[in-house]
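Subject: The structure I promised you

Hi,

Here is the structure we talked about, with the sequence alongside. Have a look at it first, then read on for what turned up.

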Amino acid sequence: MALTGLEIFKLLPKTNCKKCGMPTCLAFAMQLAQKRAKLDSCPDVSEEAKNTLAAAAAPPMRKVVFGSGDHQVQIGQETVMFRHEEKFYSPTVLAATISDKLTGPDLQNRIKAINALRFERVGVRIGAGAIAVINDSGQADAFAAAAETAAQSSPFALILVSDSPQAMAAAVAKTAKFVPLIANATNDNAQEMAKIAKENKCPIVAKADSLESLCGLTEKIKSLGIEDIVLNLQTETLRDKLYNLSRMRVLSLKKVFRPLGYPTISFVAGDADQQAAAAVGLACKYSGVVALDTVEQYVFLPIATAVMNIFTDPQKPVQVEPKIYTVGEPDENSPVLFTTNFSLTYYTVESDVEASRVPSYILVVDTEGTSVLTAYSGDKLNEKIVADAMTKCNVQDLVKHRKLIIPGYVAVMSGKLEEATNWEVMVGPRESSMLPKYLKEVWK
Ligand code: SF4
């Protein structure tokens, strides 16, 4: 929890030496509390004070990163209970499990099915982000071989799941460069698992069956030199799990209770339908990773869609890139329409243009992700902005006619737009759903 200016003042030397550029230690403390100064500016501050201030400034929930390269994932770093309070930072990572009992083509087929769990929704790639190799065989060799194959054949971040330090050491030896998440350290194996994690610079999962044991375990792991910890609370029922994950979130964020200030991981079981329902609940409350024992696309798509919606930044509309989009194979006689870069608006227009079967160009104008009427009323959509977008996208080179179809809701801008562009403005329908009829009957 952030310290007040007076609390910080108590930790300073109180000599008022002015070396920090402030007239007094109190003035410096006030600047520090408002994050307008850096502690380094005071050369005389004690190590103890530095440690206290650093600990107080640390976020209530630690950010944990695993995986490598483009497929690195991040969990944790959350600061609020509910999205509308500010925003959520780290979308739940969906993982699919793979048993180390699989070998040969069976193993490859499962990995292939996991790799295919990606979808495009309103221009954003969603779906699985991790692959969790489970040490079902109990054998170190089999676990290491499956982990190595998964790491090399899948672009996703790797999670290694075994309670055996021997098996984990063998698997990490083959996959350390992929920075796997090591699961699980328990009260029985924490020492050995922490050693593997520390030597290979990998984050580790702490697994326990009560909050009390989990707190003791995270403190123990931390004392062994590991900072990046993920919590795995074992419960009998989904109800208990959701209840306790919510308690953990309150304790970490509201009470700044450090032993629980880490992201969480959950493994779901049951038939595919049960897993889908459980995974959505866990993404809502408040699992950083959800690992599913299925590779069914019909299960992953709705969960990934729910995750996308839950973690959308409420202060930032979902946007598409402002540019020229083509529908079908338009030529120099095809219509040119414009719309805004609010995703929902663009994809509605695009699907209606597609339904018309008239090959077309859609010019997407940057309105900071707002819809047509909102953009117009906020002066983010006017004749100059549209004219500039047309020039930037070289629309004049795409077609030989000079006709631009504009949304019916902004018919009022047609006169000024004609003056700004020298193009004939055709007022399209107000509702995008009327575009197929319009393109077939009016344009032609
Ligand atoms: S440099 Fe340190 S001791 Fe000196 S006035 Fe600033 S805060 Fe106080």
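How many of the 444 residues of the protein, as a percentage, count as buried? The figure is 47%. Keep in mind that this is a predicted model.

**The overall picture**

The protein has 16 helices and 16 strands. If you follow the C-alpha trace along its principal axes, it spans about 75 × 70 × 35 Å.

**Closed spaces inside**

Next, the empty spaces. Rolling a probe the size of a water molecule over the atoms shows where empty space is left. Searching the whole structure turns up 2 cavities of 30 Å³ or more.

The largest cavity has a volume of about 190 Å³. Its lining is made of 21 residues, and M61, R249, Y286, S287 and G288 lie nearest the centre. Which element gives the most to that lining? That would be α9, with 4 residues. Helix α9 covers 238-253, and β2 (73-76) and α10 (272-284) also supply at least two residues each. Sorted by class, you get 12 nonpolar, 7 polar and 2 charged residues around the largest cavity.

Y286 is worth a click for another reason too: the peptide bond between K285 and Y286 is cis, with omega about -20°. You'll find Y286 in the loop between α10 and β11 (289-292).

The second largest cavity has a volume of about 80 Å³. Among the residues that line it are P13, T15, N16, C17, K18 and C20, and also C25, F28 and C42. By class, that lining has 7 nonpolar, 3 polar and 2 charged residues.

K14 does something of its own: its phi is positive, about 60°, although K14 is not a glycine. This lysine lies in the loop between α1 (5-11) and α2, and K14 is partly exposed, with a relative accessible area of 42%.

**Open pockets**

Now for the pockets. The largest pocket has a volume of about 730 Å³. It is lined by 30 residues, with P91, R118, V124, R125 and I126 closest to its centre. Four elements give two or more residues to this lining: β2, β3 (93-99), β5 (124-134) and α11 (297-311). Strand β5 has the largest share, 6 residues. The classes here are 16 nonpolar, 8 polar and 6 charged.

The second largest pocket holds about 370 Å³ of space. Of its 13 lining residues, I8, L32, K35, L53 and A57 are the closest to the centre. Helices α2 and α3 (47-57) each supply at least two residues, and α3 has the largest share with 5. How many polar residues does this lining have? There are no polar ones: the lining divides into 11 nonpolar and 2 charged residues.

Helix α2 comes up again on the surface. L6, L26 and M30 make a nonpolar surface patch of about 250 Å². L26 sits in α2 (residues 25-33). Is L26 buried, partly exposed or exposed? It counts as partly exposed because its relative accessible area is 35%, and partly exposed covers the range between under 20% (buried) and over 50% (exposed).

**A few single residues to click on**

- L117 lies in the loop between α4 (104-115) and β4 (118-121). L117 is buried, with a relative accessible area of 0%. Its C-alpha is 8.8 Å from that of G129, and the two are 12 residues apart in sequence.
- K440 is in helix α16 (residues 435-443) and is partly exposed, at 47% relative accessible area. K440 and S356 are 84 residues apart in sequence, yet their C-alpha atoms are 6.7 Å apart in space.
- K201 is a non-glycine residue with a positive phi, about 55°. Look for K201 in the loop between α7 (190-200) and β8 (204-208). K201 counts as exposed because its relative accessibility is 72%.
- The peptide bond from A183 to N184 is cis, with omega near 15°. N184 is in strand β7 (residues 181-185).

If you want a place to start, try Y286: it lies nearest the centre of the largest cavity along with M61, R249, S287 and G288, and it follows K285 across a cis peptide bond.

Have fun with it!

Note on methods:
Residues are numbered from 1 along each chain as its sequence is written. This is a predicted model: local features need pLDDT of at least 70, side-chain atom pairs count only at pLDDT 80 or more; totals for chains, interfaces and linings use all residues. Side-chain values use heavy atoms; hydrogens and water are left out. Patches are made of residues with over 30% relative accessible area and no salt bridge: like charges are joined within 9 Å, nonpolar side chains (Val, Leu, Ile, Met, Phe, Trp, Tyr) within 5 Å. Accessible areas come from the Shrake-Rupley method with a 1.4 Å probe; for residues, only the protein chains shown count as cover. A salt bridge is a side-chain nitrogen of Lys or Arg within 4 Å of a carboxyl oxygen of Asp or Glu. Buried means under 20% relative accessible area, exposed over 50%, partly exposed in between (1.4 Å probe, protein chains only). On a 1 Å grid over the protein atoms alone, a cavity is a set of points where a 1.4 Å probe fits but cannot get out, and a pocket is an open set with protein on both sides within 12 Å along at least five of seven lines; lining residues have an atom within 4 Å of a point. Grid points are joined across faces, edges and corners, and a volume is the space filled by probe spheres set on the points. Ala, Val, Leu, Ile, Met, Phe, Trp, Tyr, Cys and Pro count as nonpolar, Asp, Glu, Lys and Arg as charged, and the others, Gly among them, as polar.
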